[in-house]
Amino acid sequence: SEPSERVNNFVFIKTHKTGSASLRDILRGVVTSRKLRKILPAAGRSIGFPGFIEVNNPKMYRVKYRPGEFHALISHSRYKKSVTDQLIPDPVYITIMRRPYGRFLSSYDFFSVLRKCAGGVEVTPTDVLNNPEVYYPRLQKCRQSYLILNSVCFEMGIDPHFD
């Protein structure tokens, strides 16, 4: 087969509890070995999260280059094509999806969000799945509800309370 064309401009949409941290680390190595210009957060590990990146907000990311001069975005941020297209010309988009049930169980254990939102009562994932009418309203009120209630949609730029 023909060798594929090398991709240098890309946006990695990191999604919680999908193995995305491992892929981010691999992509970080690609960026470093190819000496690509990456968008770096001004502070922490994410850019704009849980909101969106703002192209002309220098407080969100380190401004070493002008919009349109970057090659890669691998830091955690929410997907918004109109923004990333201004920062990185003609990017390839990369993400990881995971079966919802496995991601739910992983999130349950990792974030402990359900335990925090259950009013101090120990709640199992089975309790939640068997009684969504009881637990869903409680989860919606939690500060980190977007991490448990379809966070992949949230990270892909969709409103977390979309019904």
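**Exercise 1: what is buried?**
Work out what share of the protein chain is made up of buried residues.

*Solution.* Keep in mind that this is a predicted model. Start with the chain length: the protein chain has 163 residues. Next, pick out the residues under 20% relative accessible area, the cut-off for buried. They make up 38% of the chain. Now turn to the outside: the accessible surface comes to about 9,700 Å², and carbon and sulfur atoms account for 52% of that surface.

**Exercise 2: list the elements**
Walk along the chain from the N terminus and write down the elements in order.

*Solution.* Begin with the tally: seven helices and three strands. Then put them in sequence, and you get β-α-β-α-β-α-α-α-α-α.

**Exercise 3: put the sheet together**
Find the order of the strands in the sheet, and say why β2 and β3 each have one side without a neighbour there.

*Solution.* First, lay out the three strands: they form an open sheet in the order β2-β1-β3, with parallel pairing. Next, look at the edges: β2 (72-73) and β3 (92-95) stand there with a single partner strand each, so one side of each has no neighbour in the sheet. Now zoom in on one pair: strand β1 (residues 10-13) is joined to β3 by four bridges. Within that pair, V11 sits opposite Y93 in β3.

**Exercise 4: add a helix**
Which strands does helix α1 lie across, and at what angle does it run to β1?

*Solution.* Locate helix α1 at residues 20-33. Follow it over the sheet: α1 lies across β1, β2 and β3. Finally, compare directions: α1 runs at about 160° to β1.

Key: Residues are numbered from 1 along each chain as its sequence is written. This is a predicted model: local features need pLDDT of at least 70, side-chain atom pairs count only at pLDDT 80 or more; totals for chains, interfaces and linings use all residues. Side-chain values use heavy atoms; hydrogens and water are left out. Helices (H or I, at least four residues) and strands (E, at least two) are DSSP runs, numbered from the N terminus. Buried means under 20% relative accessible area, exposed over 50%, partly exposed in between (1.4 Å probe, protein chains only). Accessible areas come from the Shrake-Rupley method with a 1.4 Å probe; for residues, only the protein chains shown count as cover. Two strands pair if DSSP finds at least two bridges between them. Contact means heavy atoms within 4.5 Å. Axes are lines fitted to C-alpha atoms, for helices over the stretch in contact, and angles run from 0 to 180 degrees between N-to-C directions.
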